[in-house]
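Biologist: Could you walk me through one part of this model up close? I'd like plain words, with the cut-offs spelled out.

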Amino acid sequence: MISEKVRVRYAPSPTGYLHIGGARSALFNYLYAKKYNGDFVFRIEDTDIERNIPGAEESQLNDLIWLGIIPDESTEKPNPLYGPYRQTEKLDIYKQYAQKLIDMGVAYECYCTEDELAQMKEEQLANGVKSFKYDRHCLNLTEEEKEKYRKEGRKPTIRIKMSENHVFKFNDLVRGEISFNSNDIGDFVIMKSNGIPTYNFAVVIDDHLMKITHVLRGEEHLSNTPKQLQIYEYFGWEPPKFGHMTIIVNPNGKKLSKRDHNILQFMSQYRDLGYVPEAIFNFLFLLGWTSDDNREIFTKEEAIQAFDPSRLSSSPSMFDNKRLLWTNQYYVKHMDNDKYFEFILPFVKKAKLPKSYSDKELKSISLIFKNEIETGSQITDMLNDIFVEKEKLNEEEEQILNSESAKVVIPAFKEKLSKLEIIDQEHVKFLFKEIQKETGFKGKDLYMPIRIKITGAMHGIEMFNIIDILGKDETISRL
RNA sequence: GCUCUGUUGGAGAAGCGGCUUAACUCAACGCCCUCUCAAGGCGUCAUUCACGGGUUCGAAUCCCGUACAGAGUACCA
């Protein structure tokens, strides 16, 4: 057999923006494709027309690209051999394949209504049947019976007929051998009454038509796999290799849900807060995957090189925000300065600057914070802490301002500063030394009163830098 | 309930039958540096791998049970 080109996909439903779980799925599929010189396909599974939201598809794609996960084929960059890339655009294709299954006698029209189905479920439950399976009420309907239902205005769904006592076995890329018995699975719907395929049917058709070779997806799809394998089997198609990744859980041990507000869910939120895409890439990469050589920091290329799906964890991973912060801080700290400026300047400009600074000044201000911040937006807050004068001091701060040293040190500093020609780190530093020599106050006694007087707080970046940023006039006006 | 999948420290985890008195990273804590906050440096943090049996000369590692957790059980994906 000729070795096929690896083709993988990320196939979100456009019911929301790109979130952490989706990004991680996409990431691992992307890595797999690139590792084996394959193609990464972006396709849209929009069969749930009620829940689709406008803009979701676009943002999914853009955020993916922002992360550096760049599709080889997508809704924007289709390959005519494999399109369309939106399921709603190929409805008649699914219809044809569903009809084929009916003709083969392995699928059938079902005229049961949702209410009837719900009632059936209830009855089974009451009779002690714990797991609900469709009772095949419509399996052998005659043409007359169907006609009668149709006259009542019923629109049929199409259900697939599961084989009897058949074991579906497959070798999961991350979990090893897994098997399911077909008896545990009821005849499920493949075409809804509105003529739109269900997920389990559409993926199979799409993956086959798009020649997808490997599917890395969330654990929640594990129990869908036998359903899909049944369809592959009926068509006589070779299924792709599946790998089921563990889900990501929140600190309470529950699967991350889009409604979970304790954790930021969407890539756009992280971008707005000043997270670096490479850092998120790296963080996501190590969430449920580890290298065999203890490395923690990977460039995209290194990740592609190192990736091996069999090292994917099979137990759930908890999303640890502190770890993400650390990773982001690492990336900020290690950026080269030009890239750093590009990244940080928008956040600097968001601060309430007391005067207008030249680009050069803004850059030197930014640099002061390079080792200080975890995320971009933190620089805005830190600058505002300096610029926006605090109206009320706490007791301890008042005390320091009323201390013996304060009474000596502050006037001395003010006087010397007003005479100083050049305000830069070196000169201001020297000035502090002089005061120390003349007044005898040093360390805390020297710096704290001035710090509190200027910034209204006991904490912050180095004094020299604060004065440098504020400038001579502004500093003196605060003394 | 049923089906499937898991369970190593606060978190991510390594470990794949003897090299493990359980690596590495984050967090936390302590010390150093220091005007403070960070950053940086140094150090501390599981005698034990959910529990109970078994296999073996030897088990965190293999097998079986139990407990717990998660996912699925839709005309959602």
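Biologist: How many bridges join strand E3 to E4, and do they run parallel or antiparallel?

Modeller: Four bridges join strand E3 (residues 107-110) to E4, and the two run antiparallel. Quick caveats: this is a predicted model, where local features need pLDDT of at least 70, side-chain atom pairs count only at pLDDT 80 or more, and totals for chains, interfaces and linings use all residues. Residues are numbered from 1 along each chain as its sequence is written, chains are lettered from A and ligands numbered from 1 in the order in which they are written, and side-chain values use heavy atoms, with hydrogens and water left out.

Now for the strands, which are DSSP runs of E with at least two residues, numbered from the N terminus (helices are H or I runs of at least four). Two of them count as paired if DSSP finds at least two bridges between them. On the E3 side, Cys110 has Thr157 of E4 as its bridge partner. E4 also pairs with strand E7 (residues 189-191), again in the antiparallel sense, over two bridges. There, Ile158 has Met191 in E7 as its bridge partner.

What about the faces of E4 (residues 157-160)? Both are covered: Thr157 and Arg159 are buried on one side, and Ile158 and Ile160 are buried on the other. Buried here means under 20% relative accessible area, exposed means over 50%, and partly exposed is in between (1.4 Å probe, protein chains only). So Thr157, the bridge partner of Cys110, is buried by that definition.
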